[in-house]
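Start with how pairs of helices pack, then turn to the pocket. Keep the model in view while reading.

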Amino acid sequence: MARQGTPRPRTRDPDVTVEPTVAGRQGVRSRGQHERRKRIVQAAAGLASRGGVEKMQMRTVADRAGVALGTLYRYFPSKMDLVVAVVSEELDALEGSLDRRPPGAGTPSGRAIEVLMRATRGLMREPELADALIRSLLLSNVKTNFGDRMSGLLLRASTGGDVEVPEDDRRRTLVGALSSVWIMEMIEMLRGHATGDEVQARLEVTADRLLADF
C-alpha cells in the first residue's frame with residue numbers, strides 16, 4: 001500500500017487519445033491542406049480535359065473535389081487562379097521528367113528542342129486541356145510565372161546543367177524568345193493549322209538561330 005502523500009506513478013491508458021502537440025497539429029493540418037488543394041487541382045484538370053475552361057465551373061470543381069464551395073474560393077479566388085494552378089502542375093510534371101531523364105542531345109539547341117517537344121507531347125495527350133490552358137493564359141489578367149518557368153527549363157537544358165546565369169545575361173532573353181515562339185506554335189497546332197512534325201521543324205530552325213552562340 002502506497003504511503004499517503006506519495007503520488008502514484010501514472011500509467012497511460014491505451015484507450016485514451018493523447019492531444020497532439022501544436023507542431024503536430026500544424027503538420028497534420030498542412031498535410032490535409034496540401035491534399036485538399038491537390039484534389040481541387042486534379043478535379044479542375046479533369047473537367048478542363050473533357051470540355052475546356054467552360055466546363056471548369058467552380059461549383060462543379062468543388063463537388064468533384066469533395067470540398068465546400070467556400071473552401072474552394074479560399075484556395076482559388078477565381079477560375080483563372082485555378083487555371084494557373086493546373087498549368088503549374090503540368091510544369092511540375094515536365095520538370096520531374098527532365099530531372100529523371102535529362103535531355104541528351106549534343107548541342108544547346110538540340111537539348112532545348114527535346115524540352116519543348118516533351119512539353120508538346122505532354123500537353124497534346126489532353127488537347128482540350130492544352131487548348132484551355134494556353135487560351136486562358138493568353139487572355140488572363142492573373143499573374144503567372146508560366147513563361148519564366150519554361151524559360152528556366154530551356155536555359156538549364158541549353159547550358160547543360162545547373163550553371164549560374166546572371167540576370168542580365170543575353171541568353172535569358174534568347175530562351176525567353178524561344179519559349180514565346182513555342183507557345184505560338186502550340187496555338188497553331190491546337191487549331192489544326194500545323195502538324196507535330198511541322199511544329200518541330202520550325203522550332204528546330206528557330207532554336208538553331210537563337211541559340212547558336214550558347
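In this predicted model, α4 and α7 pack with their axes 11 Å apart, at an angle of about 5°. Angles under 35 degrees count as roughly parallel, so α4 is roughly parallel to α7. On the α4 side, the residues in contact are V87, S88, L91, D92, L94, E95, L98 and D99. They meet F146, R149, M150, L153 and R156 of α7. By class, the residues of this contact divide into 7 nonpolar, 1 polar and 5 charged.

The next pair is α4 with α5. Their axes are also 11 Å apart, but the angle between α4 and α5 is about 130°. That value makes α4 oblique to α5, and the crossing of the two helices is right-handed. From α4, the contact uses E90, L94, S97 and L98, and from α5 it uses V115, R118, A119 and L123. The contact of α4 with α5 has 5 nonpolar, 1 polar and 2 charged residues. One residue to look for is L94, which takes part in the contact with α5 and in the contact with α7. L98 of α4 likewise appears in the contact with α5 and in the one with α7.

The remaining pair is α5 with α7. Here the axes come within 7 Å and cross at roughly 140°, which makes α5 oblique to α7. This crossing is right-handed. P108, R111, A112, V115, L116 and A119 are the α5 residues of the contact, and they meet M150, L153, L154, A157, S158 and T159 in α7. By class, the contact has 9 nonpolar, 2 polar and 1 charged residues. M150 and L153 of α7 meet α5, and both also meet α4.

Now turn to the open space in the model. Which elements give two or more residues to the lining of the largest pocket? They are α4 (79–100), α5 (108–124), α6 (127–139) and α7 (146–159). The helices α4, α5 and α7 were met above as packing partners. Of the elements, α4 gives the most to this lining, with 6 residues.

The largest pocket holds about 320 Å³ of space and is lined by 18 residues. The lining has 12 nonpolar, 2 polar and 4 charged residues. E90, L94, R118, A119 and G122 lie nearest the centre of the pocket. Among them, E90, L94, R118 and A119 also belong to the contact of α4 with α5.

Notes: Residues numbered from 1 in each chain as written. Predicted model: local features only at pLDDT ≥ 70, side-chain atom pairs only at ≥ 80, totals over all residues. Heavy atoms only, no water. 1 Å grid on protein atoms, 1.4 Å probe; cavity = no way out; pocket = protein on both sides within 12 Å on 5 of 7 lines; lining within 4 Å. Points joined across faces, edges and corners; volume = space filled by probe spheres on them. Helix = DSSP H or I, 4+ residues; strand = E, 2+ residues; numbered from the N terminus. Nonpolar A, V, L, I, M, F, W, Y, C, P; charged D, E, K, R; others polar. Axes fitted to C-alpha atoms, helices over the stretch in contact; angles between N-to-C directions. Parallel < 35°, antiparallel > 145°, perpendicular 65-115°, else oblique. Left-handed = near helix turned anticlockwise from the far one by under 90°. Contact = heavy atoms within 4.5 Å.
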